2 protein chains.
Amino acid sequence: MSDDPLLVPLCDGDRRALARAITLVESTRPEHRDRAAALLDALPTGREALRIGLSGTPGVGKSTFIEAFGTMLTEAGCRVAVLAVDPSSARTGGSILGDKTRMERLSRDPGAFIRPSPAARHLGGVARRTREAVTLCEAAGFDVVLIETVGVGQSETMVAQLADLFVLLLAPAGGDELQGVKRGIMEIADLILVNKADGDLAATATRTVADYAGALRLMRRRPADPEGFPKAMAVSAVTGAGLASAWDEMQALAEWRRREGHWDATRAAQAAHWFDAEVRAALLAQLDAPETRARMAAMARDVAEGRRAARAAAEEMLESLRGA
Amino acid sequence: MSDDPLLVPLCDGDRRALARAITLVESTRPEHRDRAAALLDALPTGREALRIGLSGTPGVGKSTFIEAFGTMLTEAGCRVAVLAVDPSSARTGGSILGDKTRMERLSRDPGAFIRPSPAARHLGGVARRTREAVTLCEAAGFDVVLIETVGVGQSETMVAQLADLFVLLLAPAGGDELQGVKRGIMEIADLILVNKADGDLAATATRTVADYAGALRLMRRRPADPEGFPKAMAVSAVTGAGLASAWDEMQALAEWRRREGHWDATRAAQAAHWFDAEVRAALLAQLDAPETRARMAAMARDVAEGRRAARAAAEEMLESLRGA
């Protein structure tokens, strides 16, 4: 058992301890890394949140949706954590203020925890950070962890690798625009929610739902999908219409997957995937040591100037790493 | 000096020795790998071909272009090697017959050497194989190495990392279709050749050239570009129109880059890039050993079943690799 002073308050659900623990796993300082590894290894098992991946391009009303959906859940007694994975904000130095202000009500809710995207220097480690942050949220007793990402390719695949179910949020649109959703994202979505089903856009939203429902029927059913999934539905983050039904569907899907054994199988496969990714990252991290960098640079010069072939030089480098 | 029996005939330009040497660098068998590494390290330096990356989606007449362009070069006394990088054919098991038959005349030309895409099992190693095959072609005294790729993303970037100049082959098309070329490919192209500038399509080809010339003017000039580059031109692989001018432009560009120091700088940067990639690949290849795979699988189970945290398990794994 780790004697880390964060462990007990974290497991008691203290949000400040959770925030500090996430900062710890994000840190690249060696003493922080050791402490983070020990803390993670000491976390009690058996606490599982429903991990919901949520993707949607800017403009679909994602913040408003999270605010309304999250508040509905906390009012029902659920503790909700929101983790943002936003490669673009990571690149521009984090969106700490942005995330708090765009979900003002939820950020003041004692049943909620909002964690913005990590800052620029962690871009490469965003996957690890997010996965470990999810684990910490579960240890802190959160019931639902929303992992939010912007619709830009790789981050969706990454989030799908750590979510129990994946929700794609869309805006109402004409049939032609249906092509705009990347097929890869359609393929990982369990639930497509067409937002803004209110006022002038209500009819368009209904048509958009029908368009996507048609498109989903053309796709092959995946083994971990019950009859009727993936599903498309209309919601309005503004009026709240459809939010309760969407939550019912998510719970029903999660329940079915638990019952049929897909839940545990998926989590086990995800854990194995992350372990593999972790080993690969750790192997490559050996190259970051200052003396290794210097040696690499010298050998790269030899290769560049034709004194060595790349393959032979690489093998020599590897031997020196093994001996180190 | 390696006493490999392939070394002398290879350096004498023997095409059979070249083919066998490429087969050797493609091999994954340990004894072949050692032999390949020694052979590559023993190659004489100082022989440089003009390495031309060539991209074009199916239907633009790429094979016909290579056949016509390559034959023009061999008739002028150049020795021409054609290497195919086709991820899709690699996936379906190679296109050995395809590559030879689609360039029938060039494949019988004693001044030419055509090497099809490597077979399925080498997909991950396509980059290394291609780079080393280029090196072997240079050692065998080829003057021009055409590295041909299908317009599907990553392979272009890879080919650009080993070419001295990059040619994009396009078909004549209406202005609207201009958008279809990925911006990333436009950015690495030095020369855009609009093919099929003959018969009914001649006028459309001219307009397409003008469209691309306009688009290229909007892009920022790169440091290694002389005035007027990147450039768009019309060619016809069928009538041969424009092929000589295209070759003049390629030579002028290469000459300018040599004179201004960009050629050596680019090659040095490319070599350093490949050395780095080689070290990373070699580090990760440690995980392929059977006993390591077995140990990884056992630890992955521990992680999947919640007995270990991924990070701590990965660190233990790494220590055992270091001790091995």
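Colleague: At what angle do helix α3 of chain A and α15(B) pack in this model?

Modeller: This is a predicted model, and the description of the pair rests on computed axes. Two packed helices are described by the angle between their axes and the distance between the axes. For α3(A), which covers residues 30-42, and α15(B), the axes are 7 Å apart, and the angle at which they pack is about 115°.

Colleague: How many residues of the contact of α3(A) with α15(B) are charged?

Modeller: On the side of α3(A) the contact is made by Arg33(A), Ala36(A), Ala37(A), Leu40(A) and Asp41(A), while α15(B) brings Arg311(B), Ala312(B) and Glu315(B). When these residues are divided by kind, there are four nonpolar and no polar ones, and the number of charged residues is four.

Colleague: Are α13(A) and α15(B) roughly parallel or oblique to each other?

Modeller: Helix α13 of chain A, residues 262-285, and helix α15 of chain B, residues 310-323, have axes that come within 9 Å and cross at roughly 50°. The crossing in which α13(A) passes α15(B) is right-handed. Angles under 35 degrees count as roughly parallel and those from 65 to 115 as roughly perpendicular, and therefore α13(A) and α15(B) are oblique.

Colleague: Which residues of α15(B) are met by α13(A)?

Modeller: The residues of this contact divide into ten nonpolar, no polar and two charged. From α13(A) come Phe275(A), Glu278(A), Val279(A), Ala282(A) and Leu283(A), and the residues they meet in α15(B) are Ala310(B), Arg311(B), Ala313(B), Ala314(B), Met317(B), Leu318(B) and Leu321(B).

Colleague: How much area do chain A and chain B bury between them?

Modeller: The size of an interface is often given as the accessible area lost when the parts come together. Here the contact takes 41 residues from chain A and 41 residues from chain B. In chain A, the residues that lose the most area to chain B are Phe275(A), Leu283(A) and Arg311(A), together 23% of what that side buries. Of the area that the two chains bury between them, 68% is on carbon and sulfur atoms, and the total is about 3700 Å².

Colleague: Which C-alpha of chain A is nearest the axis that relates the two chains?

Modeller: Two copies of a chain are related by a rotation about an axis and a shift along it. Chain A can be laid on chain B by a turn of 180° and a shift of 0.1 Å along the axis, with an RMSD of 0.1 Å, and that is the relation of a two-fold axis. In chain A, the C-alpha nearest this axis lies 2.9 Å from it and belongs to Arg322(A).

Colleague: What is omega for the cis peptide bond that joins Phe229(A) and Pro230(A)?

Modeller: Most residues other than glycine have a negative phi, and most peptide bonds are trans. Pro230(A) is placed in the loop between α11 (202-217) and β7 (231-234) of chain A. The bond that joins Phe229(A) to Pro230(A) is cis, and its omega is about -5°.

Terms used: Residues are numbered from 1 along each chain as its sequence is written. Chains are lettered from A and ligands numbered from 1 in the order in which they are written. This is a predicted model: local features need pLDDT of at least 70, side-chain atom pairs count only at pLDDT 80 or more; totals for chains, interfaces and linings use all residues. Side-chain values use heavy atoms; hydrogens and water are left out. Copies are superposed by least squares on the C-alpha atoms of residues with pLDDT of at least 70 in both. Axes are lines fitted to C-alpha atoms, for helices over the stretch in contact, and angles run from 0 to 180 degrees between N-to-C directions. Helices (H or I, at least four residues) and strands (E, at least two) are DSSP runs, numbered from the N terminus. Angles under 35 degrees count as roughly parallel, over 145 as roughly antiparallel, 65 to 115 as roughly perpendicular and the rest as oblique. A crossing is left-handed if the near helix is turned anticlockwise from the far one by less than a right angle, and right-handed if clockwise. Contact means heavy atoms within 4.5 Å. Ala, Val, Leu, Ile, Met, Phe, Trp, Tyr, Cys and Pro count as nonpolar, Asp, Glu, Lys and Arg as charged, and the others, Gly among them, as polar. Buried area is the accessible area (1.4 Å probe) that two parts lose on being put together, summed over both.
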